[in-house]
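User: Could you take me through one part of this structure closely, in plain words? I am new to reading models like this one.

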Amino acid sequence: MAATILIIDDESRLRQLLARILQLEGYTVLEAENARAGLKILERDDIHLVISDVKLPDKNGIELSAQIKQLYPATEIIVLTAYGTISDGVTAIKNGAFDYITKGDDNDRIIPLVSRAVEKASLQFRIRQLEQRVGQRYGFDSIIGYSKSIQHAIELARKVAVTDTTVLLTGETGTGKEVFAQAIHQASPRRTGPFVAINCGALGKDILESELFGHRAGAFTGASRDQKGLFSEADKGTIFLDEIGEMPLDLQAKLLRVLETHEFLRVGDTKPTKTDVRVIAATNRSLEQAATENHFRLDLYYRLSVFSIELPPLRDRRDDIPTLAGQFAQQEAVKVGKRAIQLSPAFVQKLQQHAWKGNIRELKNVIERAVILADTHDDGSTELTPDLLPYDMQDGLFPANPAAMDLATVEQQHIRRVLRHTNGNKAEAARLLDIGLTTLYRKLQEAGLPD
């Protein structure tokens with residue numbers, strides 16, 4: 001798609017001549033005779049480059065350049081200056097213009113200059129589009145649910161997002177705390193900065209300290225070079241500390257210092273490092289109770305819980321389950337090349353009856369498994385039915401007479417079905433069955449099935 005250039009100049013002959021030259025270069029060119037008309041075009045169309053005269057009937061072109069850059073940062077501006085007004089062009093550049101052209105004297109510069117300006121603007125437009133896609137994927141609109149409890153959590157998160165306040169997300173495992181953290185970041189003034197996440201419970205103390213704060217070369221055995229920590233990586237952005245309740249007490253003291261002074265010490269360093277980062281923490285534990293038991297610093301708890309948001313468990317928002325399940329099913333269907341996915345009423349009913357101790361994460365895994373196992377009909381459609389659910393969700397699906405289908409027979413049939421789906425790939429079958437590979441081989445041997 002050709003870049004679009006807007007020429008703003010009250011001299012019609014010069015404007016039309018320049019437009020013709022640029023059109024021959026393959027650009028789409030729009031024209032305006034004054035600043036007011038030019039701003040209306042900018043409101044209506046995506047303009048990559050504005051070429052504007054300094055002296056316009058209704059506005060100074062230098063002031064117009066500053067206004068355009070403020071309203072449309074991705075748009076580049078080239079200023080047209082008359083003889084003896086080079087200083088105007090220089091001032092315009094200071095206000096954000098890409099460059100300037102002296103009327104009548106810079107004909108050889110026009111095309112190369114326009115080309116460079118358009119190239120820069122096109123890159124900025126692509127970056128803006130990518131940021132919009134990221135915002136759509138990770139923003140609040142990506143959080144599915146219409147129940148009162150989840151909408152209340154979203155409302156609180158939206159309000160705190162525009163501030164720089166530390167946020168504590170609480171709730172059971174699998175309730176979507178990282179999704180909320182990303183949405184808060186995307187809705188914040190820090191959205192153009194990095195979003196860095198770490199699970200504080202997944203690493204040992206020494207490794208976690210080095211990951212968070214970095215280290216100097218020689219600080220410990222194996223530290224052959226300096227390493228930046230995540231607090232440095234997240235500068236001007238957001239750091240998400242998941243499972244904050246699992247952080248060792250001595251590291252909690254270092255985190256408290258970061259929150260209070262915006263600086264920290266790398267491992268092996270004596271000079272503090274500054275950082276400008278927003279902290280969002282999450283936990284599935286009661287930090288207040290942990291503090292009373294001396295497992296968590298009370299002062300850090302107060303500092304983290306300036307603004308606390310509790311995310312509801314899935315069992316408290318059962319009306320959202322059909323919508324969530326449908327969305328997950330469509331996403332998984334795209335991955336495995338299936339289409340026209342439907343959820344049978346009995347399947348949805350079983351989902352709504354389940355306890356969901358693993359919350360949204362568990363639901364997503366169950367749907368992924370069901371989509372993989374589901375057979376595609378001759379018409380290309382695929383229906384998710386209760387027999388595709390894990391056994392603990394299939395109460396009442398089997399005949400009342402136990403002799404008609406004993407547990408061993410049901411298990412063997414299911415293993416056969418999974419192996420057919422994986423084309424005999426036992427490692428993949430074991431993953432789908434959520435059992436170890438050695439356990440699968442043992443069950444095959446016990447059932448007299450080929451291994």
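Analyst: Happy to help; we will start from one strand, follow its partners and charges, and then visit a few other places.

First, some ground rules. This is a predicted model, in which local features need pLDDT of at least 70 and side-chain atom pairs count only at pLDDT 80 or more, while totals for chains, interfaces and linings use all residues. Residues are numbered from 1 along each chain as its sequence is written, and side-chain values use heavy atoms, with hydrogens and water left out.

Our starting point is strand S3, residues 49–53. Helices (H or I, at least four residues) and strands (E, at least two) are DSSP runs, numbered from the N terminus. Is S3 enclosed or open? Five of its five residues are buried, so S3 is largely enclosed by the rest of the structure. Here, buried means under 20% relative accessible area, exposed means over 50%, and partly exposed is in between (1.4 Å probe, protein chains only). In a regular strand, the side chains alternate between the two faces of the sheet. In S3, Leu-49, Ile-51 and Asp-53 lie on one side, Val-50 and Ser-52 lie on the other, and all of these are buried.

Now for the partners. Two strands pair if DSSP finds at least two bridges between them. S3 pairs in the parallel sense with strand S1 (residues 4–8) over four bridges, and Ile-8 stands opposite Ser-52. S3 also pairs in the parallel sense with strand S4 (residues 76–81), this time over five bridges. There, Leu-49 has Glu-76 as its bridge partner. Together, S3, helix H3 (residues 61–71) and S4 make a right-handed β-α-β unit. Right-handed means that, with the strands pointing away from the viewer, the path from the first strand over the helix to the second runs clockwise.

S1 has another neighbour to meet. Five bridges join S1 to strand S2 (residues 28–32), and the two run parallel. Thr-4 stands opposite Thr-28 in this pairing. The chain crosses from S1 to S2 through helix H1 (residues 12–24), and this β-α-β crossover is right-handed too.

Let us return to Glu-76 and look at charge. Side chains of opposite charge can pair when their charged atoms come close. A salt bridge here is a side-chain nitrogen of Lys or Arg within 4 Å of a carboxyl oxygen of Asp or Glu, and by this rule the count comes to 21. Glu-76 forms a salt bridge with Lys-69, their closest N and O atoms being 3.7 Å apart, and both residues are buried. Glu-76 also meets Lys-120 in a salt bridge, at 3.8 Å from N to O. That pair links distant parts of the chain, with Lys-120 in helix H5 (residues 107–138) and Glu-76 in strand S4, 44 residues apart. How exposed are these two? Lys-120 is partly exposed, with a relative accessible area of 40%, whereas Glu-76 is buried at 2%.

For another example, Glu-428 and Arg-431 meet in a salt bridge of 3.0 Å, N to O. Both lie in helix H17 (residues 426–433), three residues apart, about one turn of the helix. There is also a network of salt bridges linking Lys-205, Asp-206, Glu-209, Asp-250 and Lys-254.

What about a buried charge without such a bridge? Glu-243 is buried yet has no salt bridge, and the nearest side chain of opposite charge, Lys-177, is 5.3 Å away. For this purpose Lys and Arg count as positive and Asp and Glu as negative, while His and the chain ends are not counted. Glu-243 sits in the loop between strand S10 (238–242) and helix H10 (249–261).

Finally, consider the nonpolar side. A nonpolar core is a set of buried Ala, Val, Leu, Ile, Met, Phe, Trp, Tyr and Cys residues joined through side-chain atoms within 4.5 Å. The largest one has 34 residues, of which Leu-351, Trp-356, Leu-363, Ile-367 and Leu-384 touch the most other members. Its largest share, eight residues, comes from H15. Apart from it lies another core, of 29 residues, among them Ile-239, Ile-244, Ala-281 and Leu-304.
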